[in-house]
Amino acid sequence: MGGQTRRLAQLLDLYERNYKLIERLIPELDLPFQDAVSNSKSDLPLHLSVQERDRYTVTFKLTYEFVDADGVRRHPDIWVRVYRDAAMAEALECSHRPPWQAEDDADPSAWRFLSEQWRRNLMLGKWLEYLLEHGHGFTLTARPRSRSKSSAASSAA
């Protein structure tokens, strides 16, 4: 049991570290936009697409988009859930977290889940560091803006 408790604590530390990296990449974590692209002089365009918004969480997808003769490919295509209230960010395998119904601390499915989460979230942290090193970011200047009706009306006048 001690090993699993320690491993869970380390995973939660990783979630906190990923949150801090995401805060640097996306300063507005309420994500007041649906889709955005970050361009870098030394890297491919990075696409962000909001998938779900809740009161305390936001789930989005980060991906590179490759276009070639075979069409459009997205890789890595990673889903991230940010827990703003807990200051944590979790890499998800897909739009919904896989079910985890451990019977007890020795349940192999619990170990498998933690192991998969560890690998996925470690990869997310390393990729976020890489993206920041290459100048990616979704700041006010890098994201699309919607013009309000009042500013559109005053521009037309």
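**Exercise 1. Which residues have the most contacts inside the largest nonpolar core, and how many residues does this core have?**

Solution. The structure is a predicted model, and its largest nonpolar core has 27 residues, with Phe60 and Leu62 making the most contacts inside it. The next step is to ask where the core residues come from: helix 1 (2-25), strand 2 (43-53), strand 3, strand 4 (71-83), strand 5 (88-92) and helix 2 each give two or more residues to this core. Helix 2 gives the most, with 5 residues. A second, separate core of 5 residues can then be located, and Leu11, Tyr15, Phe113 and Leu114 are among its members. As background, nonpolar side chains in soluble globular proteins tend to be buried together.

**Exercise 2. List the residues with which Leu62 is in contact, leaving aside its neighbours within four places in sequence.**

Solution. Begin with the residues that precede Leu62 in the numbering, which are Leu25, Leu46, His47 and Leu48. Then continue with those that follow Leu62, namely Pro76, Asp77, Ile78, Trp127, Leu128 and Phe138.

**Exercise 3. Find the aromatic pairs in the whole structure and describe their geometry.**

Solution. A search of the whole structure gives 2 aromatic pairs. In one of them, Tyr64 and Phe66 meet edge-to-face, with 6.3 Å from centre to centre and 70° between the planes. Tyr64 also pairs edge-to-face with Trp127, at 5.4 Å centre to centre and with 75° between the planes. Because Tyr64 lies in strand 3 (residues 57-68) and Trp127 in helix 2 (residues 108-133), this pair ties together parts that are 63 residues apart in sequence. Taken together, the ring pairs link Tyr64, Phe66 and Trp127 into a cluster.

**Exercise 4. Decide whether Tyr64 is buried or exposed, and then classify Phe66.**

Solution. The cut-off for a buried residue is under 20% relative accessible area, so Tyr64, at 7% relative accessibility, counts as buried. Phe66 has a relative accessible area of 27% and is therefore partly exposed. Trp127, the other partner of Tyr64, is buried, as is Tyr64.

**Exercise 5. Place these details within the protein as a whole: what is the order of its elements from the N terminus on?**

Solution. First count the elements, which are 3 helices and 5 strands; their order from the N terminus is α-β-β-β-β-β-α-α. Next consider burial, where buried residues make up 37% of the 157 residues. Turning to the surface, the protein exposes about 9400 Å², of which carbon and sulfur atoms supply 52%. Finally, among contacts between residues at least 6 apart in sequence, 55% join residues at least 24 apart.

Conventions:
Residues numbered from 1 in each chain as written. Predicted model: local features only at pLDDT ≥ 70, side-chain atom pairs only at ≥ 80, totals over all residues. Heavy atoms only, no water. Phe/Tyr/Trp six-rings, centres within 6.5 Å; stacked < 30°, edge-to-face > 60°. Buried < 20%, exposed > 50% of the residue type's maximum accessible area, 1.4 Å probe, protein only. Helix = DSSP H or I, 4+ residues; strand = E, 2+ residues; numbered from the N terminus. Contact = heavy atoms within 4.5 Å. Areas by Shrake-Rupley, 256 points an atom, 1.4 Å probe, with all protein chains shown as cover. Core = buried A, V, L, I, M, F, W, Y, C linked by side-chain atoms within 4.5 Å.
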